[in-house]
Amino acid sequence: MIQQPLISKRSEGVYELSEAGVERAYLLTMQRLLVHYAQQALKTPPSDVQALSQKLPAFTVQIVKKLDDYFDQLPQFANFIKEPNAGRLGAYIGQNFMPQLEKVKEKLLETEIPKYKSEYENPYRVPSNDLLMLFANDFVGAPPLTYKPFDPEAEVEEKLKAAELVLPGEAPVGSGPKPQPGEVLLNRYASAFVTARPLSYVPNTGESLDGEDETANIQQVPQQITFRAFVQIINAISRYIKQQDKAGYAKFYQSLSPLNQSAYTYYTLFQKEAQGQSVSWSEEIHKVMQRANLDAGAANKLKDEVEAYRKVSQSLSRALATGQQKGMDASLTQGLYGQLVAIFENSGNLAEKRTALKMSLLQVTAQSAKEAITQILAPQLEELEGLYGIG
């Protein structure tokens, strides 16, 4: 059967890891961390480490059936590398998992994008090739086709004879001919064919149709800025303001692209609105369009992104502050914040993000702090589907 690609391409042209790619990244990350932990923390002899690293892939595949198992099966991993204190291993995994995962993901993308372009963006690639590869075994094992003239009366008689061979309540004996590949295909995807909507062609006139979903139009506009980039800009400017470094602030602001300057402008406008000041959004959006040379769709998309990012970043700051109030070590704050920004990035899927959040919070050993952070961030994570459009 054809192997699932490790990356996929979003509608706006951005490459990201597919579900299979995320699973591979988690597998490689966990293996790398466990081997390093055995070497450095447990002082396992080199020969034993080599044997462990050879057995680890098969062991991981055996106990991990979904991403959450990397969290749920942590005691099994501890037992495998002979670590009696699973909590100690958990703290290490929590502190290092996300940074290592990011590196592994970057490496996978770097390696797989050329392969993806070669195979899936090949102008000579046709769907029939994929179909042949997917059902190759079915075609090879299919019996040869035989032709006989169609006789309706003979067919009815044959069906009646076949029906007489099966008593009521009994299942037919599985000694009949093997199904043809077409039958296999139809049986496997019958529900998809039944529920599929008919194709329709609408000429592109450049005008909106009555009743057209405006949300769909907005989602077709490319992403303007990432959550990570937004946070870096806001945090950098906040430091200059806090230090009252006007020269540093001016130099940094001028170094930003017009798009990023516009993102910060939107941020300040949302801050003003939150303080009860009125904002003329139509005028401000028009200014952004002129300054950053954006059309109306891109300018509005940037505004929506900044609004979502502002809400998420505030949740992260509130969660960490609450965690410290509940006993979390203050030294964890900076490192954990960087991991949370990566988790709440506007790419990937919610299932992966749920697991990543659990893994990162392993380093928070104060149970009350961990629960307080989870109570804030878990609901915020679920809101990303509406804020970012990811599921």
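**Exercise 1. Which side chain does Arg354 meet in a salt bridge?**

Solution. This is a predicted model, so everything here is read off computed coordinates.

- Step 1: start from the side chain of Arg354 and look for its partner. That partner is Glu382, and the salt bridge has an N to O distance of 2.8 Å.
- Step 2: place both ends on the chain. Arg354 belongs to helix α18 and Glu382 to helix α19 (residues 367–382), so this pair links distant parts of the chain, 28 residues apart.
- Step 3: check how open each end is. Arg354 has 34% relative accessibility and counts as partly exposed. Glu382, at 38%, is partly exposed too.

**Exercise 2. Get your bearings: find how many helices and strands the protein has, and what share of its residues is buried.**

Solution.

- Step 1: go through the secondary structure. You should end up with 20 helices and two strands.
- Step 2: turn to burial. Of the 391 residues in the protein, 36% are buried.
- Step 3: look at the outside. The accessible surface is about 24,400 Å², and carbon and sulfur atoms account for 54% of that.
- Step 4: see how far contacts reach along the chain. Take the contacts between residues at least 6 apart in sequence: 71% of them join residues at least 24 apart.

**Exercise 3. Compare two more salt bridges, Asp68 with Lys358 and Glu284 with Lys287, and say where each one sits.**

Solution. Here's the basic idea: side chains of opposite charge can pair when their charged atoms come close.

- Step 1: begin with Asp68 and Lys358, whose side chains meet at 2.8 Å, N to O. Asp68 is in the loop between α2 (46–63) and α3 (69–72), while Lys358 is in helix α18 (residues 350–360), so the salt bridge ties together parts 290 residues apart in sequence. Lys358 is partly exposed, at 33% relative accessibility.
- Step 2: move on to Glu284 and Lys287, where the N to O distance is 3.8 Å. Does that still make the cut, or miss it? A salt bridge needs a distance within 4 Å, so this pair counts.
- Step 3: find the second pair on the chain. Both residues are in helix α15 (residues 281–292), three residues apart, or about one turn of the helix.
- Step 4: compare the ends of the second pair. Glu284 is buried, with a relative accessible area of 18%, whereas Lys287 is partly exposed at 41%.
- Step 5: zoom out. The whole structure holds 12 salt bridges, and Glu102, Arg228 and Glu345 are joined in a network of them.

**Exercise 4. Describe the aromatic pairs Tyr26 with Tyr70 and Phe59 with Phe80.**

Solution. For each pair you want two things: the distance of the centres and the angle of the planes.

- Step 1: the search gives 18 aromatic pairs. In the one formed by Tyr26 and Tyr70, the centres are 5.8 Å apart and the planes make an angle of 50°, which is a tilted arrangement.
- Step 2: locate the two tyrosines. Tyr26 is in helix α1 (residues 19–40) and Tyr70 in helix α3, 44 residues apart, so they link distant parts of the chain. Both tyrosines are buried.
- Step 3: now Phe59 and Phe80. This pair is stacked, at 4.2 Å centre to centre with 15° between the planes. Phe59 is in helix α2 and Phe80 in helix α4 (residues 74–80), so the two rings tie together parts 21 residues apart in sequence. Phe59 is buried, with a relative accessible area of 15%.
- Step 4: look for a bigger group. One aromatic cluster is formed by Phe227, Phe230, Tyr249, Tyr253, Tyr264, Tyr267, Tyr309 and Tyr388.
- Step 5: add a charge to the picture. Lys303 has its charged end over the ring of Trp281, 4.8 Å from the ring centre.

**Exercise 5. Are Leu56 and Gln339 buried or exposed, and what do they touch?**

Solution.

- Step 1: Leu56 is in helix α2. With a relative accessible area of 1%, Leu56 is buried.
- Step 2: skip neighbours within four places in sequence, and the contacts of Leu56 are Gln31, Leu34, Val35 and Phe80.
- Step 3: Gln339 is in helix α17 (residues 333–343). Gln339 is buried as well, with a relative accessible area of 5%.
- Step 4: beyond residues up to four places away in sequence, Gln339 touches several others, including Gly94, Met98 and Ser360. Gln95 is also among them, and its backbone oxygen lies 3.0 Å from a polar atom of the Gln339 side chain.

Note on methods
Residues are numbered from 1 along each chain as its sequence is written. This is a predicted model: local features need pLDDT of at least 70, side-chain atom pairs count only at pLDDT 80 or more; totals for chains, interfaces and linings use all residues. Side-chain values use heavy atoms; hydrogens and water are left out. Helices (H or I, at least four residues) and strands (E, at least two) are DSSP runs, numbered from the N terminus. Buried means under 20% relative accessible area, exposed over 50%, partly exposed in between (1.4 Å probe, protein chains only). Contact means heavy atoms within 4.5 Å. A polar contact is a pair of N or O atoms within 3.5 Å; within protein, one must be able to donate a hydrogen and the other to accept it, and residues adjacent in sequence count only if both atoms are side-chain atoms. Accessible areas come from the Shrake-Rupley method with a 1.4 Å probe; for residues, only the protein chains shown count as cover. Rings of Phe, Tyr and Trp (its six-membered ring) pair if their centres lie within 6.5 Å; planes under 30 degrees apart count as stacked, over 60 as edge-to-face and the rest as tilted. A charge sits over a ring if NZ of Lys or CZ of Arg is within 6 Å of the ring centre and within 35 degrees of the ring normal.
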